Amino acid sequence: MDVSVILTTFNQPEALEKVLWGYAVQTDPTFEIVIADDGSGPDTEALIERMRKEAGLDLRHVWHEDRGFRKTEILNRAILAASGAYLLFSDGDCVPRDDFVQRHRTLANPSRFLSGGYLKLSEELSGGVTVEDIRSQRAFDRAWLKRRGWRPGRRGLRLSRSAPRAPTLDALSPTRPTWNGHNASVWKETILEVNGFDLDMGYGGLDRALGERLENLGVRGLQIRHRAPCLHLHHPRPYRSPEVVRRNREIRHRIRRNREVRARSGITEMLELDGQGEGLHE
C-alpha cells in the first residue's frame, strides 16, 4: 500500500529539519511526506526545498496564509493532497525512530486506527540533539539519553527494540489507545468518511475529537506506543487559550453524547467555501 506521512508545522524550521532527517533514514523508504504548514514564513519553504535535494525525500508542501491557529484546515488540505491510501499523522517537532513507518505499515488494519505516543525531551536536551545524533540513531538509545540528563522512568521501555517484548508492553499498557496527532495512522478513505478534522476546533483536543468520531464509526484504536516511538522536541505553546479549550471540550462532549461520525464543519464544507476563499497551494 502507498503511505503518506502528514506532518504539521508552523515556523519551526530547526525542529522540522531534525524530524525530516529522521524520515530520511527510515528502514522502509517507500512513502511520501506531506507537510501541513499553518502559515510559516520563507525559512520553512527554503528548508523543504533544501531537504528535497540533500535527503532525497518525496516532499509535498501544503501551505496557507498565517491567519491564526488553523491547524484543522491545513490538515484537511494535506489529507486531500496526499496520494497514499494509508495516512500516518505526526508533527514537525516529533522525530521518528528509523522503524517508525515500517511499524505503522506492518500493523495497519482496516478496522483499526493505530495509536502511538511520544517521549518528551527537555528544552536543553532538545537543543542538544543534532542531525547526526538522529541519522546515527544514538538519539534513540536510552543510555545515551540518560547520560545527557534524560529521566524517563518506565517510559524509557518504549525505546526497547525487542520485537517480542514491545507487543506485550502495548497490551499491558493501562493507557487507552486514542487518536494522537503526533503519532497515529488510518486509511485515507476512513478519514474521508468522518469528514476529516473539525474546522470549528482550535488547539486542545482536536485530535481526540477525530478519534472519537472514528470510534463512533466502529474503528477502534490499537495501542502501539512501544512499537513505534518518536521523540518530542520541546517548544512553547503561546497559542493555547482556555476559552478555546473549553469550547473544544463542549464539542467533544456533543460528539460522544450524539454518537456523531462526521465533522459538522470538515472537508466537505471546506471545499464548498473554497470558491470564496484561498485555494490549495503546493
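Which residues of helix 11 are buried? Let me answer that straight away. They are Val-244, Val-245, Asn-248, Ile-251, Arg-252, Arg-254 and Ile-255. One caution before I go on. This is a predicted model.

Let's stay with helix 11. This helix covers residues 242-258, which is 17 residues. From the first C-alpha to the last, helix 11 reaches 24 Å. That is close to the 24 Å expected at 1.5 Å a residue. Right after helix 11 comes Arg-259. Its phi is positive, near 55°.

What covers the buried residues of helix 11? The cover includes helix 10, residues 206-217. Now for how these two helices sit together. A pair of packed helices is described by two values, the angle between the axes and the distance between them. For helix 10 and helix 11, the angle is about 5° and the axes are 10 Å apart. Helix 10 and helix 11 are therefore roughly parallel to each other, as an angle under 35 degrees counts as roughly parallel.

Who makes the contact? From helix 10, we have Arg-208, Ala-209, Glu-212, Arg-213 and Asn-216. From helix 11, we have Arg-252, Ile-255 and Arg-256. By class, this contact of helix 10 with helix 11 has five charged residues, two nonpolar and one polar. Note that Arg-252 and Ile-255 of helix 11 are in this contact and are also listed as buried.

Keep Arg-213 in mind. Arg-213 brings us to Arg-262, in the loop between helix 11 and helix 12, residues 267-273. In sequence, Arg-262 and Arg-213 are 49 residues apart. In space, they are 6.8 Å apart, C-alpha to C-alpha. Leaving aside neighbours within four places in sequence, Arg-262 is in contact with Leu-192, Glu-193, Val-194, Asn-195, Arg-213 and Thr-268. Is Arg-262 buried or partly exposed? Arg-262 is partly exposed, at 40% relative accessibility.

Now a second helix pair. Helix 1 is residues 13-24, and helix 2 is residues 42-55. They pack at an angle of about 20°, with axes 10 Å apart. That makes helix 1 roughly parallel to helix 2. The crossing of helix 1 past helix 2 is right-handed. On the helix 1 side, the contact is made by Pro-13, Leu-16, Glu-17, Leu-20, Trp-21 and Ala-24. On the helix 2 side, it is Asp-43, Thr-44, Leu-47, Ile-48, Arg-50, Met-51, Glu-54 and Ala-55. The residues of the contact of helix 1 with helix 2 divide into nine nonpolar, four charged and one polar.

Just before helix 1 there is a loop to look at. Asn-11 sits in the loop between strand 1, residues 3-9, and helix 1. Its phi is near 50°, a positive value in a residue other than glycine. Asn-11 is partly exposed, with a relative accessible area of 40%.

Another positive phi turns up at Gln-137. Here phi is about 75°, and again the residue is not a glycine. Gln-137 lies in the loop between helix 6, residues 131-136, and helix 7, residues 142-147. Gln-137 counts as buried, at 11% relative accessibility.

On to two tryptophans. Trp-150 lies in the loop between helix 7 and helix 8. Trp-150 is buried, with a relative accessible area of 6%. What does Trp-150 touch, not counting residues up to four places away in sequence? The list is Leu-119, Lys-120, Leu-121, Leu-125, Arg-142, Leu-145, Gly-156 and Leu-159. Take Leu-125 from that list. Trp-150 and Leu-125 are 25 residues apart in sequence and 7.7 Å apart in space, C-alpha to C-alpha.

Trp-179 is in the loop between helix 8, residues 165-172, and strand 8, residues 183-187. Its relative accessible area is 1%, and Trp-179 is buried. Beyond neighbours within four places in sequence, its contacts include Phe-89, Phe-113, Phe-197, Asp-207, Arg-208 and Leu-214. Arg-208 is also one of the helix 10 residues in contact with helix 11.

Last stop, Arg-165. Arg-165 lies in helix 8. Arg-165 is partly exposed, with a relative accessible area of 40%. Leaving aside neighbours within four places in sequence, Arg-165 is in contact with Leu-157 and Ser-160. And back to helix 11 to finish. Ile-251, one of its buried residues, is 86 residues from Arg-165 in sequence and 38 Å away in space, C-alpha to C-alpha.

Key:
Residues numbered from 1 in each chain as written. Predicted model: local features only at pLDDT ≥ 70, side-chain atom pairs only at ≥ 80, totals over all residues. Heavy atoms only, no water. Axes fitted to C-alpha atoms, helices over the stretch in contact; angles between N-to-C directions. Helix = DSSP H or I, 4+ residues; strand = E, 2+ residues; numbered from the N terminus. Parallel < 35°, antiparallel > 145°, perpendicular 65-115°, else oblique. Left-handed = near helix turned anticlockwise from the far one by under 90°. Contact = heavy atoms within 4.5 Å. Nonpolar A, V, L, I, M, F, W, Y, C, P; charged D, E, K, R; others polar. Expected span 1.5 Å × (residues − 1). Buried < 20%, exposed > 50% of the residue type's maximum accessible area, 1.4 Å probe, protein only.
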